[in-house]
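Please open the model in a viewer and keep the selection panel at hand. The tour below moves from one selection to the next.

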Amino acid sequence: MNKPLRRIAIFCGLLVMALLVRTNWLQFVQADELKTDPDNRRVSIARYAQPRGNIIVDGKSVTGSAATDGTDFKYKRTYKDGKMWAPVTGYASQAFGANQLEKLYDPILTGDDDRLFFNRTIDMVTGKPQKGGNVVTTLSAKAQKAAYDGLGDKKGAVAAIDPSTGAILALANKPSYDASAFAGNGDKDSKAWTALQKKNNPDDPMLNRALRQTYPPGSTFKVVTAAAGLESGDYDIDSKTDSPDPYRLPNTSKDLGNEGNIPQCEDASIRVALQWSCNTVFAKMSDELGNDEMIETAEKFGFEKDVEGGTLDPDLDTPVRPAKSIYPKDTRPQNAQAGIGQASNRATPLQMAMVASAVANDGKLMKPYMVDKLVAPNLNTVEQTKPEELSQPVSAQNAQKLQSAMETVVEKGTGTAGKIPNVTVGGKTGTAQHGENNKDNPYAWFISYAKTSDGSPVAVAVVVESSDTLRDDIAGGKLAAPIAKDVMEAVLDEKR
């Protein structure tokens, strides 16, 4: 062979070798990545080649699948009471992908999960189409409806938890969206999707406010400050505090007063200070405890460390990961204000439901979760969630003292709108200022729990972000407490 032919042969051999290497790389190294790539249209076509499994609440599906006239996609996702359940289910769209439970459990819902191999094999042998499994949630349909209906035309959110297990019973948002409107891939779906985006809709209906929006928690955070005070051993529930009214914020010339100029707030005990929501008592207590101790207590209740990083909380997979709630590392005057739920203190509704839950459960905080189990098409359980203790932010003895004080709030304090006949209810109201120089309407909060002879089956947090209520009438006891009451009653009715 002459030299030019030899060079051509070597070159062609190298090309063949490169082709073989590339082919094997694609087949054995990048196969899974390409298979799941959202830009791979075959993935979406396969996902909607058969009906998806369903998301289950109280034994009934809140999702479905409908046959389409399209050539590529045989089925599309449907939702029952879609706006009510959107914070739980998320969406699954042929054109816009998926999120929340729909995305997290896509392999189960499509039937592609390796744990469903036996079912797929049977379907293949019998010639039946592949079936997806189901996601069984912990949600209560009655509690969810009470939360959603209770919000009415207000902007806000509700989170409800079973304190003994951490099972999430309700997650409701207003405004919300119906994912059925953009489940397909046509022009109508595109228009519906575009209309829901924040740049086109300032109310941001696709924001999961119960999990992904943080607010200043206002006076509801005084429960955490009270817990820190009791745990320090320097305070008791009914002992008077040396708290002037007004209180001069440390290192400033600014005086902090109390809403309504309540005379009972001067030197008030923790019980009385919670009953009348005394800013002066808890701001001074937060300052005396110090920023580090307040941070430590907040973190035990589930708040995240105030550090750089992502915006989502890595320790609270519900399995949908919520936004981080943060108690700030700050100066003395800021720490005093953070102790009453202001300054840079930020919390999600889920986080404040966790605070009420821990107190109701004698100081033991259970990790929140909303998926009870995953089941195969033949209804065999593939995965079961086991309740998990997250922390013990307050001792049982001090938790019971806090229960007594929170029950005083509802019985004869600022939270009387949360009363339920013949039921023991504990709660704490909150009205959180926000905006530059507090120019915007405040947020109305209420956290609570209900107790029966068998324990406490529900803890609730409600935040009303905005409503048509006049500014002077905005208060947690007026706007948020009645909603929490409805949710608690719905859960109690189920237990009876």
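Begin by selecting helix 13, residues 279-289: 10 of its 11 residues are buried, so this helix is largely enclosed by the rest of the structure. Here, buried means under 20% relative accessible area, with a 1.4 Å probe and protein chains only; helices are DSSP runs of H or I with at least four residues, strands are runs of E with at least two, and both are numbered from the N terminus. The model is predicted, so local features need pLDDT of at least 70 and side-chain atom pairs count only at pLDDT 80 or more, while totals for chains, interfaces and linings use all residues. Residues are numbered from 1 along each chain as its sequence is written, and side-chain values use heavy atoms, with hydrogens and water left out.

Within helix 13, colour the buried residues: Asn279, Thr280, Val281, Phe282, Ala283, Lys284, Met285, Ser286, Asp287 and Leu289. Which elements do they pack against? Add helix 11 (222-232), helix 12 (270-275), helix 14 (291-300) and helix 15 (332-338) to the selection, together with strand 10 (247-248) and strand 11 (255-256); contact means heavy atoms within 4.5 Å. Then select Gly290, just after helix 13, where phi is positive at about 95°.

Next, turn to an open sheet of five strands, whose order is 2-1-7-13-14 and whose pairing is mixed. Two strands pair if DSSP finds at least two bridges between them. At the edges lie strand 2 (60-61) and strand 14 (381-384), each pairing on one side only. Strand 1 (residues 55-57) runs antiparallel to strand 2, and two bridges join them. Select Val57 to find one end of a bridge; its partner in strand 2 is Lys60.

For the interior space, select Ala86, Pro87, Gln100, Asn173, Ser176, Tyr177, Pro205, Met206, Leu207 and Asn208, which line the largest cavity. A cavity is a set of points, on a 1 Å grid over the protein atoms alone, where a 1.4 Å probe fits but cannot get out, and lining residues have an atom within 4 Å of a point. The largest cavity holds about 40 Å³ of space, and the whole structure has three cavities of 30 Å³ or more. The lining of the largest cavity comprises six nonpolar, four polar and no charged residues.

Finally, display the whole chain, which has 18 helices and 18 strands. Its C-alpha atoms fill a box of roughly 105 × 60 × 40 Å along the principal axes. Of its 496 residues, 52% count as buried.

Methods
1 Å grid on protein atoms, 1.4 Å probe; cavity = no way out; pocket = protein on both sides within 12 Å on 5 of 7 lines; lining within 4 Å. Points joined across faces, edges and corners; volume = space filled by probe spheres on them. Nonpolar A, V, L, I, M, F, W, Y, C, P; charged D, E, K, R; others polar. Buried < 20%, exposed > 50% of the residue type's maximum accessible area, 1.4 Å probe, protein only.
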